[in-house]
Amino acid sequence: MVESQVYCCPPKVSKIPDLSYNHLSGVLPLSIPFVSIRVVDLSSNLFNGTTPSSFLPYAPNLSSLKVSDNLITGKIPSSICLSSSLVKILDFSKNEFSGMIPIGLGNCSKLEVFRAGFNNLSGTLPSDLYDALTLQEISLPSNKLFGSISDNIVNLSNLTILEIYFNQLSGTLPSHIGKLSKLKLMLLHFNNLQGFLPPSLMSCTNLVELNLGFNHLEGNISLLDFSKLGQLAKLDFVSNHFTGVIPRSLYSCKSLGTLRLSLNDLEGQIQPEILSLEFLSFLSLSRNRLTNVTGALKILMSFKNIGAVILSGNFVGEELPGGDDNNGSMFKNLRLFGIADCQLTGQIPRWLSNLKKLEALDLSSNRLTGSIPAWLGDLPNLFFISLNNNSFSGELPKELSRLQALQSQKDASQGHGFFELPVYTQRTNASITDLQYNYISNLPRAIYLRNNSLSGNIPSEIGHLQLLHEFDLSVNNFVGEIPNEMSNLTNLERIDLSRNHLSGGIPALLSNLHFLASFSVAYNNLQGQIPSGTQLQGFSTTAYEGNPGLCGAPLPNHCQPTNGSTITTNTEDGLENGNEFEWLHFFEAFGFMIGFGGICGPLALSSSWRFAYFQFLSSAISR
């Protein structure tokens, strides 16, 4: 690691050699060494400490300063444009700057780019920011900024990028914001904005991405005219208070590829005109009051490019259409399908068997009946199944052990796109960094069958699913012993077999599951000694309670010696956690899938994001 020193440059240099992406450390030098320097790029290093007050005053020709992705603390220097009137680019993002954004940016008569996102900045937006008339980009995400966006922002007629998401902004959007006719990206999600959307917003005709999700905005969006937004590719209004029906004018946005209107109060039915959005690859309308699930699916099946359909929390009490209407050409690119928490009746529809690209399926929290179909095991890319909280009966089909994406790393890694915006899971006592998923391939490889009426033995063939990470069979009627073959599931991190009727002992071979973080066999009929000297003894007593025949640590009851030896067990038994295993409930919280339609552009996030609003695909697949 190299400590920073005074730069060694020729006398009349205009640019310090690009020092970004090295391992330079230490504090910034006291000053920029040459008055002729125009460009300084120290980004992506390990510089720390504060910015010396003498760092900038002797650089009157400075036009670009980049110190992003370091460990710099203190306040953003206020004298930049007093030292040089030529500054065009200022990038302070991804550091540990704190305090308010200083007054003085208005003196930057040539400033085009101002970035200071992913810091600990607080306070309001400086009033003279709106005097920097040449600004093209304002990027301040993931800070603690509050207050409103001034109406004076319309002075920035050259602005193309406005991203101030993950802050605490309040108030309404400026009524004349439509004067920002060059605006391409408006990312203001995760704030406290309120009120109605100004009609002038629809005059931002160059908008490519509009994200106002997770605010407190309201109003009837069907009254807005989206038809002028011909370049709009991504629209996200998730988690607001919008009413009305899906605006028909949206169907004029021919470039629209991702659309999320979930967690609002929209009503009505999905109309056939939506098929005019031929590039649509991601659709999330969950948690509204939509009706006619049969009509909705019949329409949506005709999309050729759609990769994700999330309709959870709608169509309450309707019947999920069955049959084999999908002839192979419908939903042919669908990878993620969620229609959870709708209280739908019926059975798992046969047409799902034709979705050969399907990777994640969430039908949880409905009232579906019948058996789990064996053909699910023939879907070559399926690695996430959530059927929790239904009324399925019969045995667990051994054919599920044929799921290729849970057997072979080669099969599991092919063709997985990424989310345009991250998907989150919610678990108790987990940090936001533990909950974030940017790639569909990073979703947990999981089978969730909790709270049904399944019976019979756990098939030993389940041991073939060596890539399985999470397995939940709790609250069912399984009998027999825990198969020894489960010890082959060496990637298991969470397993819950609680509240069944399993018998026998806990297989000693389960101690080979070295990645187990959550384990429960509570409330079964297990007996014998908990395998000693293994990590199985590291779980709390709640993982084993409700099994009077079990003994040994961590339970307080000691095993009684039999014929001079302690009881050991080679048999298998069930799991159940009195605290109940924290099975994933899918929520698409902030996530569009790109990759489905060949669009690329993952959005980088910061560990400082402090919001975990959502649950996961029972409901991301539910939003």
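# A walk through buried charges and salt bridges

A polar contact of 2.6 Å between the side chains of Asp-41 and Ser-43 is the opening stop. Keep in mind along the way that this is a predicted model.

**Stop 1: Asp-41**

Select Asp-41 and the strand around it, S3, which covers residues 39–41. Which side chain of opposite charge is nearest to Asp-41? That is Lys-66, at 4.8 Å. A salt bridge here needs a side-chain nitrogen within 4 Å of a carboxyl oxygen, so a distance of 4.8 Å does not qualify. Asp-41 is therefore a buried residue with no salt bridge. Now show its surroundings: leaving aside residues up to four places away in sequence, Asp-41 touches Asp-18, Leu-19, Ser-20 and Lys-66.

**Stop 2: Asp-91 and Arg-115**

Next, select Asp-91 together with Arg-115. The two form a salt bridge, and their closest N and O atoms are 3.5 Å apart. Asp-91 sits in strand S7 (residues 89–91) and Arg-115 in strand S9 (residues 113–115), so this pair ties together parts of the chain 24 residues apart in sequence. Is each partner buried or exposed? Asp-91 is buried, at 6% relative accessible area, while Arg-115 counts as partly exposed, at 26%. Add Glu-137 to your selection: with Asp-91 and Arg-115, Glu-137 belongs to a network of salt bridges.

**Stop 3: helix H2**

Move on to helix H2, residues 293–300, and colour its buried residues: Val-293, Ala-296, Leu-297, Ile-299 and Leu-300. Look down the axis of H2 and you will find these buried residues within an arc of 160°, so they line one face of the helix. The general background is that an α-helix has 3.6 residues a turn, so residues three or four places apart point the same way. What covers the buried residues of H2? The cover includes three strands to display: S23 (282–284), S25 (308–310) and S26 (336–338).

**Stop 4: Arg-402 and Asp-378**

Now bring up Arg-402 and Asp-378, which form a salt bridge with closest N and O atoms 2.9 Å apart. This pair links distant parts of the chain, 24 residues apart. Arg-402 is in the loop between strand S29 (393–395) and helix H3 (409–412), and Asp-378 is in the loop between strand S27 (360–362) and strand S28 (384–386). Arg-402 is partly exposed, with a relative accessible area of 41%, and Asp-378 also counts as partly exposed, at 39%.

**Stop 5: Glu-470 and Arg-494**

Select Glu-470 and Arg-494 for another salt bridge, this one at 3.7 Å from N to O. Where do the partners lie? Glu-470 is in strand S34 (residues 470–472) and Arg-494 in strand S36 (residues 494–496), so the pair ties together parts 24 residues apart in sequence. Glu-470 is buried at 3% relative accessible area, and Arg-494 counts as buried at 15%. Before leaving the charged pairs, you may like the overall tally: the count comes to 11 salt bridges.

**Stop 6: Thr-542**

Finish at Thr-542, in the loop between strand S39 (525–529) and strand S40 (549–551). Thr-542 is buried, with a relative accessible area of 17%. Show Ser-540 as well: a polar contact of 2.6 Å joins its side chain to that of Thr-542.

Definitions and conventions:
Residues are numbered from 1 along each chain as its sequence is written. This is a predicted model: local features need pLDDT of at least 70, side-chain atom pairs count only at pLDDT 80 or more; totals for chains, interfaces and linings use all residues. Side-chain values use heavy atoms; hydrogens and water are left out. Buried means under 20% relative accessible area, exposed over 50%, partly exposed in between (1.4 Å probe, protein chains only). Helices (H or I, at least four residues) and strands (E, at least two) are DSSP runs, numbered from the N terminus. The arc is that of the directions from the helix axis to the C-beta atoms. Contact means heavy atoms within 4.5 Å. Lys and Arg count as positive and Asp and Glu as negative; His and the chain ends are not counted. A polar contact is a pair of N or O atoms within 3.5 Å; within protein, one must be able to donate a hydrogen and the other to accept it, and residues adjacent in sequence count only if both atoms are side-chain atoms.
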